[in-house]
Amino acid sequence: MAARKESEPKPMKNRTTVERKSERELIVMRTFDAPAQIVFEAWTKPDLFRRWWAPRSRGISLLSCEMDVRVGGGYRLVFGKGMEFFGRYIEVTPHSRLVWTNDEGGEGGPVTTVTFEEKGGKTLLVMHELYSSKEALDAAGTGAADGMGELFGQLDELLATLGASGGRVRSG
Amino acid sequence: MVQYTNANLDTSFAALSDVTRRGVLEQLIRAEASITELAEKFNMTLTGMKKHVGVLEQAGLVITQKVGRVRTCKVGPHRLAEATAWLEKYRQLWAARFDELDGVIEDLKQREKIDGRKKRE
């Protein structure tokens, strides 16, 4: 039985979708071919979590990963170049729901809710991020996606300066 | 994708490293203008201005449109495109993570299978 199963062709990778649900909300969705209990485990055990959170294909390396997955417990992820992400778990419901804060940017950081919905042996994972404002989401977007937020910020500033200085066009 | 963005930014910064080009962009942020008008304003030859506008155009900071014999320049959609591009970059990051997560999940499923077998024995 098992042998026959293993000889089946490898299924295609499931598609990841991202949607900006509102000005302050972002939703990432993906189905996994496993029961919720297994997917949940991969999100809550540090040694498993660190294997996928910093994908090799993106050249990201995770230096350390501490997770105390219980209500009020903290987490801290340290990447190279001193980049750190940390916060606290505010809801932990085994195999179905995780909610945590993202405090690295100070107060008013986004709140992440991950739900695990099992159907027919597969799990639909929905990650919902709620930001304090549209501007916070915009800023995180350019920043979190590739760490280029600062440069974009500089370019924005430069363009804003150019726009604001209005009539003083060099005319010589 | 990151490389692409870097290259994009390099082009933007290179385009803005010149004082005349910054002036041109500043002018176009206020109002669109023809190459001829820009050349006059900046006291420059038409050919010289065309070169500057070309650099800004390549960086996506300026777009030009030729109507009849007049080429009109205006601020490009560069910024707008960037705003929608990050969502796609974000999606790619998560897709990469989740593809790795598939591997972790496969390992866990294998382990459960072995554990299950042991329990039955």
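**Sheet, helices and cores in a predicted complex**

Me: What lies across strand 1, strand 2 and strand 3 of chain B?

Reply: Helix 2 (residues 19-30) of chain B does, running at about 90° to strand 3 of chain B. Helices (H or I, at least four residues) and strands (E, at least two) are DSSP runs, numbered from the N terminus. The angle, on a scale from 0 to 180 degrees, is taken between N-to-C directions of axes fitted to C-alpha atoms, for helices over the stretch in contact; contact means C-beta atoms, placed from the backbone, within 7 Å. This is a predicted model, in which local features need pLDDT of at least 70 and side-chain atom pairs count only at 80 or more, while totals for chains, interfaces and linings use all residues. Residues are numbered from 1 along each chain as its sequence is written, with chains lettered from A and ligands numbered from 1 in the order in which they are written.

Me: Why are strand 2 and strand 3 of chain B called paired?

Reply: Pairing requires at least two bridges found by DSSP. 6 bridges join strand 2 to strand 3 (residues 70-75) of chain B, and they run antiparallel; therefore the two strands pair. B:Val67 stands opposite B:Val70.

Me: What makes strand 1 and strand 2 of chain B edge strands?

Reply: Each pairs on one side only. The open sheet has the order 1-3-2.

Me: How confident is the predictor in chain B?

Reply: On the pLDDT scale of per-residue confidence, from 0 to 100, the mean of chain B is 81. Over residues 1-6 of chain B, pLDDT stays under 50. Where pLDDT is low, the predicted coordinates should not be read in detail.

Definitions and conventions. Contact = placed C-beta atoms within 7 Å.
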